[in-house]
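Open your viewer, switch on a cartoon view and keep the selection box handy. We will go from stop to stop, with something to select at each one.

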Protein chains: 6
Amino acid sequence: MSTVSPPVDPESDPRVRAVFDDIRVTRQTDFINNMWRYLAFDPDLLEQTWRDVKRIMATPSTLDPLTKEMLYIAVSVANGCGYCVHSHSAAARAKGMSPQQHAELMSIVALAARTNHLATALQVPVDPVFDRG
Amino acid sequence: MSTVSPPVDPESDPRVRAVFDDIRVTRQTDFINNMWRYLAFDPDLLEQTWRDVKRIMATPSTLDPLTKEMLYIAVSVANGCGYCVHSHSAAARAKGMSPQQHAELMSIVALAARTNHLATALQVPVDPVFDRG
Amino acid sequence: MSTVSPPVDPESDPRVRAVFDDIRVTRQTDFINNMWRYLAFDPDLLEQTWRDVKRIMATPSTLDPLTKEMLYIAVSVANGCGYCVHSHSAAARAKGMSPQQHAELMSIVALAARTNHLATALQVPVDPVFDRG
Amino acid sequence: MSTVSPPVDPESDPRVRAVFDDIRVTRQTDFINNMWRYLAFDPDLLEQTWRDVKRIMATPSTLDPLTKEMLYIAVSVANGCGYCVHSHSAAARAKGMSPQQHAELMSIVALAARTNHLATALQVPVDPVFDRG
Amino acid sequence: MSTVSPPVDPESDPRVRAVFDDIRVTRQTDFINNMWRYLAFDPDLLEQTWRDVKRIMATPSTLDPLTKEMLYIAVSVANGCGYCVHSHSAAARAKGMSPQQHAELMSIVALAARTNHLATALQVPVDPVFDRG
Amino acid sequence: MSTVSPPVDPESDPRVRAVFDDIRVTRQTDFINNMWRYLAFDPDLLEQTWRDVKRIMATPSTLDPLTKEMLYIAVSVANGCGYCVHSHSAAARAKGMSPQQHAELMSIVALAARTNHLATALQVPVDPVFDRG
């Protein structure tokens with residue numbers, strides 16, 4: 001079930017082909033997951049989404065690649081995106097996430113959700129010492 | 001503004017006193033932030049919340065303390081909890097998060113939110129290869 | 001801070017006056033809270049919102065009035081609406097919610113948030129026995 | 001998978017029949033989508049939901065019909081309602097939404113999600129000039 | 001579709017067996033739903049989740065069991081957890097929720113969502129009288 | 001209250017200065033709202049955020065500028081971002097949104113939230129005819 005029709009032969013469009021080729025090189029795999037196949041219905045949206053995913057997730061930075069994938073999972077869980085939870089859990093495992101780390105990630109996500117709801121239910125005022133603004 | 005009245009002298013209740021003392025020892029500080037002062041209106045809720053926060057966040061585990069704080073921030077942002085974003089951003093800084101790491105955390109959270117919404121808007125079907133169930 | 005200007009003299013509009021009068025009679029109080037004062041910028045929106053709040057919340061039904069207020073709080077917490085958490089917590093107290101019940105409500109809301117996030121993180125498939133469709 | 005059983009012969013109930021007939025006339029189609037078939041388990045809920053959907057979405061107003069459908073999609077994406085994203089994407093296409101407009105809608109939804117999360121992560125204070133209250 | 005592999009023979013692990021046995025005794029049924037079968041991939045996570053679900057949901061308290069299940073459903077709907085909506089709707093029916101109560105629960109959840117979004121759209125300031133802090 | 005310190009003299013950084021200048025020219029105003037002043041703590045994040053806001057929101061496209069602002073408001077309400085609701089409500093008014101259109105926008109957002117929650121509560125299966133994938 002989807003709201004758009006992915007192109008039958010997406011790589012006949014040279015812009016799509018260029019993005020898919022860059023995904024293959026960057027990730028060193030021939031597998032193009034559905035997110036990109038569906039985004040290919042609009043080459044602009046595809047190019048801009050991939051450009052930023054590549055820049056933020058696949059470029060060496062101040063956070064290590066596994067931490068970045070786990071942060072991605074955490075946000076995706078809280079936003080209720082099943083597709084994203086699936087794809088980034090696979091990516092995190094490919095980057096070395098152990099079952100113990102996966103379980104610990106889940107316990108932190110669940111703990112945060114719990115205290116998020118408690119703080120909202122209580123409407124706790126922010127301590128002035130936390131302000132940096 | 002809050003929906004409950006925090007006790008005026010919370011530590012006159014020995015159960016609250018014991019939790020506050022444990023927070024001081026665990027965190028090596030005299031500062032008790034508002035979350036705990038407000039939760040003190042119900043010693044059960046206070047004890048159980050602190051017990052799990054201590055176990056998950058303040059016990060050595062497979063994820064390092066700074067990663068855990070950043071995961072907490074990520075979930076709190078996605079759940080829209082202002083108090084939690086403030087308190088865990090302070091905790092992450094105390095554990096060494098640099099401004100560059102903070103900015104990178106934000107760019108990942110924002111990227112995930114963006115692709116979460118795209119995947120939901122497109123209703124992208126999950127690739128069978130992602131299934132572990 | 002608000003995104004609309006509440007009318008300075010809202011009851012000079014007879015439609016607003018009629019709604020405010022009905023709120024006073026239904027709730028047996030002279031107090032009109034800000035939600036209605038701000039909605040008064042558009043009499044249609046005010047009338048329709050009040051009509052349904054009155055029908056669902058202030059009419060005898062299969063659920064008792066306090067349960068209905070606690071359900072309202074639960075949804076408002078999960079949706080992150082600070083105003084609604086404040087106003088319905090006050091309403092629930094006015095209908096007899098004890099501090100113990102308030103604390104228990106919070107522990108259920110927090111528990112549900114925690115397992116909601118766990119089920120989403122795990123992407124647990126629905127057991128066929130739960131299907132009624 | 002569903003949490004309620006839709007009636008096998010919903011139109012044997014005259015209240016359901018009246019709503020379904022009005023849906024057919026209003027939308028000029030014989031197709032009754034699942035949302036209404038499932039809501040038919042409770043004629044009150046069905047009547048009240050359809051009454052407001054008809055009034056707000058199918059009555060000429062200050063916003064054109066396609067804009068209204070796109071706003072509906074935007075909210076449904078942010079609230080993570082897969083059914084609603086599907087049904088209102090179909091409705092928007094039926095009202096003339098082009099693939100380019102669909103892609104642009106998605107890029108706006110994704111951009112808003114991104115800056116929503118950034119503003120929440122930063123806890124940016126509201127500029128006084130934005131206040132109308 | 002799931003992000004973890006549930007153990008093939010979960011009860012060969014004595015910690016999992018103990019939890020499953022306690023679920024059977026507490027709920028007086030032989031049925032172990034998928035949530036627990038999947039959480040069994042990590043006995044710690046399983047034990048801690050069940051311990052709190054049992055304590056909060058299956059222990060006599062100030063709220064009756066059906067009210068607690070309906071509160072759980074309300075939060076799960078607002079958090080968009082399909083699995084949780086299914087499992088707790090089944091639990092609520094098992095505890096006596098009538099179709100009329102189910103429909104009324106839905107109308108309250110939907111009403112709260114509606115006013116939550118209105119209050120957020122208007123950015124209504126909290127009335128000082130609601131403050132307890 | 002904020003989680004980062006906005007630079008005291010942001011335009012002393014030439015990258016920030018360039019973005020602020022482009023905001024002034026694009027929007028034809030001297031006013032730089034807080035979102036940009038706070039994002040200036042990290043010039044990369046500032047540049048990339050503005051680049052995409054400008055491209056998507058301030059470039060002629062298939063949707064008119066007012067529709068785009070209203071879509072932005074709709075997503076921001078559903079995501080619970082108070083800052084964003086304030087800033088884009090001001091932007092929409094500046095682009096001609098009338099009080100009647102504002103009220104209608106709110107009624108659509110509230111209606112969508114209501115049916116989003118109903119569809120999730122019922123777990124309505126997607127009609128096959130809605131599938132485009």
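Domain bounds, which you will need first, come from an automatic or database domain assignment. This is a predicted model, in which local features need pLDDT of at least 70, side-chain atom pairs count only at pLDDT 80 or more, and totals for chains, interfaces and linings use all residues. Residues are numbered from 1 along each chain as its sequence is written, while chains are lettered from A and ligands numbered from 1 in the order in which they are written.

**Stop 1: the domains of chain A**

Select residues 9–59 of chain A, which the assignment gives as domain 1, and then 62–123, which is domain 2. How far apart do the C-alpha centres of these domains of chain A lie? They are 24 Å apart.

**Stop 2: chain B against chain A**

Now show chain B beside chain A. A turn of 180° with a shift of 0.0 Å along the axis lays chain B on chain A with an RMSD of 0.0 Å (copies are superposed by least squares on the C-alpha atoms of residues with pLDDT of at least 70 in both). That is the relation of a two-fold axis.

Next, look at where these chains touch: 56 residues of chain B are in contact with 56 residues of chain A. Two residues count as in contact if their C-beta atoms, placed from the backbone, lie within 7 Å. To see the elements involved on chain B, select helix H2 (34–39), helix H3 (43–57), helix H4 (65–78), helix H5 (82–94) and helix H6 (99–122), each of which supplies at least two residues. Helices here are DSSP runs (H or I, at least four residues), numbered from the N terminus. H6(B) gives the largest share of this side, 17 residues. Colour the side by class and you will find 31 nonpolar, 21 polar and 4 charged residues. For that colouring, Ala, Val, Leu, Ile, Met, Phe, Trp, Tyr, Cys and Pro count as nonpolar, Asp, Glu, Lys and Arg as charged, and the others, Gly among them, as polar.

Why do the copies meet through the same surface? Because 100% of the interface residues of chain B are also interface residues in chain A.

**Stop 3: two helices within chain C**

Move to chain C and select helix H1 (residues 14–27) and helix H3 (residues 43–57), whose axes come within 9 Å and cross at roughly 20°. Axes are lines fitted to C-alpha atoms, for helices over the stretch in contact, and angles run from 0 to 180 degrees between N-to-C directions. The angle makes H1(C) roughly parallel to H3(C); angles under 35 degrees count as roughly parallel, over 145 as roughly antiparallel, 65 to 115 as roughly perpendicular and the rest as oblique.

Show side chains to see C:Arg15, C:Val16, C:Val19, C:Asp22, C:Ile23 and C:Thr26 of H1(C) meeting C:Pro43, C:Leu46, C:Glu47, C:Trp50 and C:Lys54 of H3(C). This contact has 6 nonpolar, 1 polar and 4 charged residues.

**Stop 4: a helix pair between chains D and F**

Finally, select helix H6 (residues 99–122) of chain D and helix H4 (residues 65–78) of chain F, which pack at an angle of about 50° with their axes 9 Å apart. That makes H6(D) oblique to H4(F). On H6(D), pick out D:Leu105, D:Ile108, D:Val109, D:Ala112, D:Ala113 and D:Asn116; on H4(F), the contact residues are F:Lys68, F:Leu71, F:Tyr72, F:Val75 and F:Ser76. By class, there are 8 nonpolar, 2 polar and 1 charged residues in this contact.
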